[in-house]
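Student: Could we go through this model together, taking each descriptive term and asking what entitles us to use it?

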Amino acid sequence: MKEKYTLSEDGFVGYWHPAGGHEGKVLIVFPGSGADYELTRKGSEFLRKAGWSCLLVGFAGWDGLPEDPVLAPVEYAEKAVQVLKEAGYEKIGMYGISAGAKFAITAASLISDVSLVIAGSPFDYTTEAFKGTKALNQSTFSWRGKPLPYDPTVTLHRNIVSVLIRTMFSKKYGKRRMLRGCYDENVQTEAARIKVENMHADFLMQCPGYDDCWPSDEAVPRMERILKECGYPYRVQTTVYEKGSHLLCGDLMATPEYLKTMRKILQAEYVDQDACNKAREDSMREALEFLEGWQ
């Protein structure tokens with residue numbers, strides 16, 4: 001394994017962080033929305049400290065990749081899987097929080113070699129790419145050179161100023177739930193749904209009781225129901241952290257400045273920091289326990 005993988009030489013951007021335990025098993029770590037390499041490394045370091053080797057793979061914003069995911073190729077994940085298989089890893093898992101969780105479940109639904117997924121605050125619909133407050137009329141992800149079906153971001157096709165003002169002053173949302181207000185406007189279609197039932201992986205899903213960013217609190221029980229109805233043959237574990245925030249299953253104590261910012265932005269973090277910290281600690285512990293059951 002190389003320390004660093006580049007788009008020009010390897011077809012994906014990645015950083016290799018080996019650990020001493022769990023021979024033959026490895027995790028691909030995807031960043032959350034806007035998270036650079038250092039933030040991703042620090043937030044996921046708890047995995048490596050527990051003996052899990054990790055390949056950190058970016059899909060936007062890293063080392064020459066577009067700042068926002070616009071038709072981001074799921075092949076980035078596929079190429080990373082191939083590199084790990086060639087290095088002798090027999091069991092390949094994926095881990096991500098927020099946008100990284102959505103990329104992970106998308107990849108696992110398309111790549112049969114993935115045998116475990118840990119998703120913190122995932123959302124199970126492909127949505128429209130955007131830059132700032134501008135809708136781009138493109139999917140966020142692509143596969144085999146074709147855009148994945150997506151649901152338009154409805155609010156960005158309206159007068160965004162009036163939408164934001166209305167959301168900011170609404171009793172339901174307010175300024176620390178504006179993103180959620182925008183996502184709740186979307187019309188979800190079956191074509192854009194990420195087909196998690198096509199995965200061949202143990203699946204741990206975590207979400208807060210109410211997600212200030214996007215409706216992971218609706219997505220997680222929905223995915224659980226779909227998998228149960230189809231007789232999904234792999235382990236499925238679902239946990240709702242009622243007093244947690246969107247930021248689950250990552251070590252934010254390792255990035256205090258980022259956490260300080262999030263406490264100003266997210267309602268749950270602003271209202272009860274201790275509860276959010278405890279939910280994060282519990283969710284990381286749960287992830288490590290789930291990994292121990294990976295066969």
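Student: Which residues touch the most other members of the largest nonpolar core?

Tutor: This is a predicted model, in which local features need pLDDT of at least 70 and side-chain atom pairs count only at pLDDT 80 or more, while totals for chains, interfaces and linings use all residues. Residues are numbered from 1 along each chain as its sequence is written, and side-chain values use heavy atoms, with hydrogens and water left out. Val117 and Phe203 touch the most other members of the 75-residue core, a nonpolar core being a set of buried Ala, Val, Leu, Ile, Met, Phe, Trp, Tyr and Cys residues joined through side-chain atoms within 4.5 Å.

Student: What makes β12 (202–208) a mostly covered strand?

Tutor: Buried means under 20% relative accessible area, exposed over 50% and partly exposed in between (1.4 Å probe, protein chains only), and 7 of the 7 residues of β12 are buried. Asp202, Leu204, Gln206 and Pro208 lie on one side, with Phe203, Met205 and Cys207 on the other.

Student: How do you know that β12 and β13 pair?

Tutor: Two strands pair if DSSP finds at least two bridges between them; β12 and β13 have 6, in the parallel sense, and so they count as paired.

Student: Why is the crossover from β12 through α7 to β13 called right-handed?

Tutor: With the strands pointing away from the viewer, the path from the first strand over the helix to the second must run clockwise, and the crossover through α7 is right-handed in that sense.

Notes
Helix = DSSP H or I, 4+ residues; strand = E, 2+ residues; numbered from the N terminus.
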